[in-house]
Amino acid sequence: MNVPFVDLHAQYLTIKPQIDAAIGEVISESAYIRGSHVEAFEAGWSRVTGMKHCVSCANGTDALYIAMRGLGLKPGDEVITTAHSWISTTETITQAGGRVVFCDTDYQSFTIDPAQIEAKITPRTVGIIPVHLYGQSADMDAIMEMARRHRLWVVEDCAQAHLATFKGRQVGTFGNAATFSFYPGKNLGAYGDAGAIVTNDARLAEWMATYARHGGKGEHLMEGINSRLDGLQAAILNVKLPHLARWTELRQAVARQYDGLLGNIDVLVTPQVVPGRDHVYHLYVIRTDKRDALKKHLADQGISSVLNYPKALPFYPAYAYLGHKPEDFPIAYANQSRILSLPIYPEMTADMIYHVAATIRQFLGK
Ligand SMILES: *Cc1c(COP(=O)(O)O)cnc(C)c1O
């Protein structure tokens, strides 16, 4: 039995008539850029997140860049973030003119360790970007408390955490702004690139929307960039949005089955959910010292698995200039050789889940 890492086609087949009709509609209306489908998605995503304003844009990376420009990042400003994320989180800090300051992660949740943040705050620190990695919230109580005390802004990177909650409150509602990606493989995925920023700050929303559309349509109030959600992607997202809650529950059900089948193996650590956090399982990431051999064994048995990510960010050549050593981020460094993401998506069958788990148990001799 082959088990792909994700199966976007399987999901498409469950909503094919609606998707095909929506695509047909956009084409018959020539509603390719902006227009009613984009407006409907912005309104829908505001409603789902419970935030007043949603500014759609071309992808989740632009969302971070636009948010930081909107918050007035200036050259030399320092932004504190996690050592363990996708590079979008940090490349955009640099591009927006700031300096990246890394923190180690918390062992349980893979998210930024709040205990590390305080020591990294300097007079030049302006903001914090927590990443709700793999679909589990960072410790937003501790992060927001520190941000208030030091007057820092917070941008939540929610690219992997649609609908995740912290103490019953949705991620993306804590900080000054929150960014989302709708890349095809994300929990809510378009059929191409797509992204959005949500905020309750009307002035920030207005600035970001203007900046992302060439600094204003009729009157160019400033130089901006071109970062738009296109009509086709918006129409596709509008069809998918009503299914997101159910798809999230199905992901959680897959995770529970994996937990039951893999939870009692001493040489393997299944995802740990901190009490009070509702994990939405963008990724199901196990840890084992036998990671590389296990990954190869799974591949030999037709099971795809992925490293998210092969290295912690400070150890990529892109950040060699910071001169970090493994002991600067012991948890993130130890995780980089142990993590393995198993297939997880709403359409996975019980047989597939069982096959993945049985193959792992067999390999580990358990
Ligand atoms: C996917 C992702 C992004 C960027 O989203 P794109 O839409 O691919 O640009 C940013 N941060 C994290 C943590 C992500 O996983």
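**View 1. The shell around the ligand in this predicted model.** Fourteen residues surround the ligand, and Gly-60, Thr-61, Gln-160, Ser-181 and Lys-186 come nearest; a residue is near when one of its heavy atoms lies within 4 Å of the molecule. By residue type, the shell divides into four nonpolar, eight polar and two charged members. For this sorting, Ala, Val, Leu, Ile, Met, Phe, Trp, Tyr, Cys and Pro count as nonpolar, Asp, Glu, Lys and Arg as charged, and the others, Gly among them, as polar. In the model, local features need pLDDT of at least 70 and side-chain atom pairs count only at pLDDT 80 or more, while totals for chains, interfaces and linings use all residues. Residues are numbered from 1 along each chain as its sequence is written, and side-chain values use heavy atoms, with hydrogens and water left out.

**View 2. Polar contacts of the ligand with Gly-60, Thr-61 and Lys-186.** A polar contact is a pair of N or O atoms within 3.5 Å; within protein, one must be able to donate a hydrogen and the other to accept it, and residues adjacent in sequence count only if both atoms are side-chain atoms. Look to the backbone of Gly-60 for a polar atom 2.7 Å from a ligand oxygen. The side chain of Thr-61 places an N or O atom 2.5 Å from an oxygen of the ligand, and for the side chain of Lys-186 the distance is 3.1 Å. Of the 380 Å² of accessible area that the ligand has on its own, the protein covers 92% (Shrake-Rupley method, 1.4 Å probe; for residues, only the protein chains shown count as cover).

**View 3. Helix α4 beside the ligand.** Two or more residues of the ligand shell come from each of α4 (60-70) and α5 (88-95); helices are DSSP runs of H or I with at least four residues, strands are runs of E with at least two, and both are numbered from the N terminus. Eight of the eleven residues of α4 are buried, including Gly-60, Asp-62, Leu-64 and Tyr-65. Here buried means under 20% relative accessible area, exposed means over 50%, and partly exposed lies in between (1.4 Å probe, protein chains only). At the N-terminal end, Asn-59 caps the helix, with a side-chain oxygen 3.0 Å from the backbone nitrogen of Thr-61. After α4 comes Gly-72, with a positive phi near 80°.

**View 4. The loop between α11 and α12, with Val-306 and Tyr-309.** Val-306 is found in this loop, which runs between α11 (291-300) and α12 (330-336). This valine counts as partly exposed because its relative accessibility is 27%. Although Val-306 and Leu-340 are 34 residues apart along the chain, their C-alpha atoms are separated by 6.1 Å. Tyr-309 also has its place in the loop between α11 and α12, and the peptide bond leading to Tyr-309 from Asn-308 is cis, with omega near 15°.

**View 5. Gln-252 in helix α10.** Within α10 (residues 244-262) you will find Gln-252, which is buried because its relative accessible area is 13%. A polar atom of the Gln-252 side chain lies 2.9 Å from the backbone oxygen of His-279.

**View 6. Positive phi at Ser-30 and Phe-110.** Ser-30, not a glycine, has a positive phi of about 50° and lies in the loop between α2 (16-29) and α3 (36-49). With a relative accessible area of 49%, Ser-30 is partly exposed. Phe-110 has phi near 65° and belongs to the loop between β3 (99-103) and α6 (114-120). At 3% relative accessible area, Phe-110 is buried.
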